[in-house]
Amino acid sequence: MAGSFYSFLKKGVKKRLKKYYRALRGDHFDNAGAVTELDYTVLKEGIDEVKPTSYIEIGTGKGVSATHVFNYLQEHFPQCHFYTLEIFPQHYDAIREKYKTAKNFHALLGLSVTRDETTSPAHDELLNYKGPVNTLRKLLEEEFQGKKVDIAFIDSRKGSALAEFKLIEKHLSPKGIIFCHDILNRGKGVEVLIHLQQNKNRYDFDVLDTGPAGMIRIRLLSYSS
Ligand SMILES: C[S@@+](CC[C@H](N)C(=O)[O-])C[C@H]1O[C@@H](n2cnc3c(N)ncnc32)[C@H](O)[C@@H]1O
């Protein structure tokens, strides 16, 4: 039925429904918490300290943090190679197009690990996922044989963050830092924090109040190459 009352009821519904349709298709991932200015302050402080030659971001999303951090790296550490991983082709295509002429910018498409390595909710959401898998594992095995990861920023999904953390730590440089977003909002950081707390003798870590989402900053205590 046409009419202004129904038009009003329909307003915004399409956008909200899209989210649920994506959930039904099994390829919906929430952007649980935006990266705040304080998150960037923390990331940049880590960058300045480590002076990275490699930076891996898991979870490109709309490319907000990738853009912010890559621009900072270009200005201050132009030799640094920046890798960003994304499961959604639309996000991957957009960031790849944006930085197609930047030789140190590497966009990768696919699930970071395998579905079997994930837990809920990622595991359930990936039920119908048919795209590439193991993007992070392949990157580390192929590109990080003779070099180490200086900084990693995990901003993917609850249920895949711990598997990603465990892979990255094996390739982390002695001075390296892993940042994990979404802890104070009970997001993906929770599974990582539980692991850190259960293995306190191996990690030096802080939970930082950078905003509603918060960040964990992690270093390895004992480093064996
Ligand atoms: C919170 S958003 C990232 C936001 C982004 N860092 C920004 O500031 O714009 C999470 C992104 O990670 C992607 N993602 C979730 N789990 C993933 C996984 N296991 N591997 C690759 N990408 C993943 C989602 O599709 C989503 O776009």
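A residue is called buried here if 20 or more other C-beta atoms lie within 10 Å of its own, exposed if 12 or fewer do, and partly exposed in between. By that rule, buried residues make up 39% of the 225 residues in this protein, whose structure is a predicted model. The protein holds nine helices and seven strands, and among contacts between residues at least 6 apart in sequence, 69% join residues at least 24 apart.

**The core and helix H8**

The largest nonpolar core contains 48 residues, and those with the most contacts inside it are Ala152, Ile154, Ile178, Phe179 and Cys180. The largest share of this core, six residues, is contributed by H8. Ala152 can serve as an example of how the core is joined: leaving aside neighbours within four places in sequence, Ala152 is in contact with Ile56, Ile168, Ile178 and Phe179.

Which residues of H8 are buried? They are Ala161, Leu162, Ala163, Glu164, Phe165, Leu167 and Ile168. Because seven of the nine residues of H8 are buried, this helix is largely enclosed by the rest of the structure. The cover over the buried residues of H8 includes strand E1 (54–58), helix H7 (135–143), strand E4 (149–154), strand E5 (172–181) and helix H9.

**How H8 packs against H9**

Two packed helices are described by the angle between their axes and the distance between the axes. For helix H8 (residues 161–169) and helix H9 (residues 189–198), the axes come within 8 Å and cross at roughly 50°. An angle under 35 degrees would count as roughly parallel and one from 65 to 115 as roughly perpendicular; H8 and H9 are therefore oblique to each other. Where they touch, Ala161, Leu162 and Phe165 in H8 meet Glu191, Val192 and His195 in H9. Sorted by class, this contact of H8 with H9 has four nonpolar residues, one polar and one charged. An α-helix has 3.6 residues a turn, so residues three or four places apart point the same way.

**The surroundings of the ligand**

There are 22 residues around the ligand, and of these Gly59, Gly61, Val64, Ser65 and Arg157 come nearest. Helix H4 (64–76) and strand E2 (81–86) each supply at least two residues of the shell. By class, the shell around the ligand has nine nonpolar, nine polar and four charged residues.

**Backbone features in three loops**

Most residues other than glycine have a negative phi, and most peptide bonds are trans. The table lists three places in the backbone to compare with that general pattern.

| Place | Backbone feature | Loop |
|---|---|---|
| Ser120 to Pro121 | cis peptide bond, omega near 5° | Pro121 between strand E3 (105–109) and helix H6 (122–125) |
| Asn134 | positive phi of about 65° | between H6 and H7 |
| Asp182 | positive phi of about 70° | between E5 and H9 |

Neither positive phi belongs to a glycine, since the residues in question are Asn134 and Asp182. Is Asn134 buried or partly exposed? With 16 C-beta neighbours inside 10 Å, Asn134 counts as partly exposed. Asp182, by contrast, is buried, because 28 other C-beta atoms lie within 10 Å.

Conventions:
Residues numbered from 1 in each chain as written. Predicted model: local features only at pLDDT ≥ 70, side-chain atom pairs only at ≥ 80, totals over all residues. Axes fitted to C-alpha atoms, helices over the stretch in contact; angles between N-to-C directions. Helix = DSSP H or I, 4+ residues; strand = E, 2+ residues; numbered from the N terminus. Parallel < 35°, antiparallel > 145°, perpendicular 65-115°, else oblique. Contact = placed C-beta atoms within 7 Å. Nonpolar A, V, L, I, M, F, W, Y, C, P; charged D, E, K, R; others polar. Near = placed C-beta within 6 Å. Core = buried A, V, L, I, M, F, W, Y, C linked by C-beta atoms within 7 Å.
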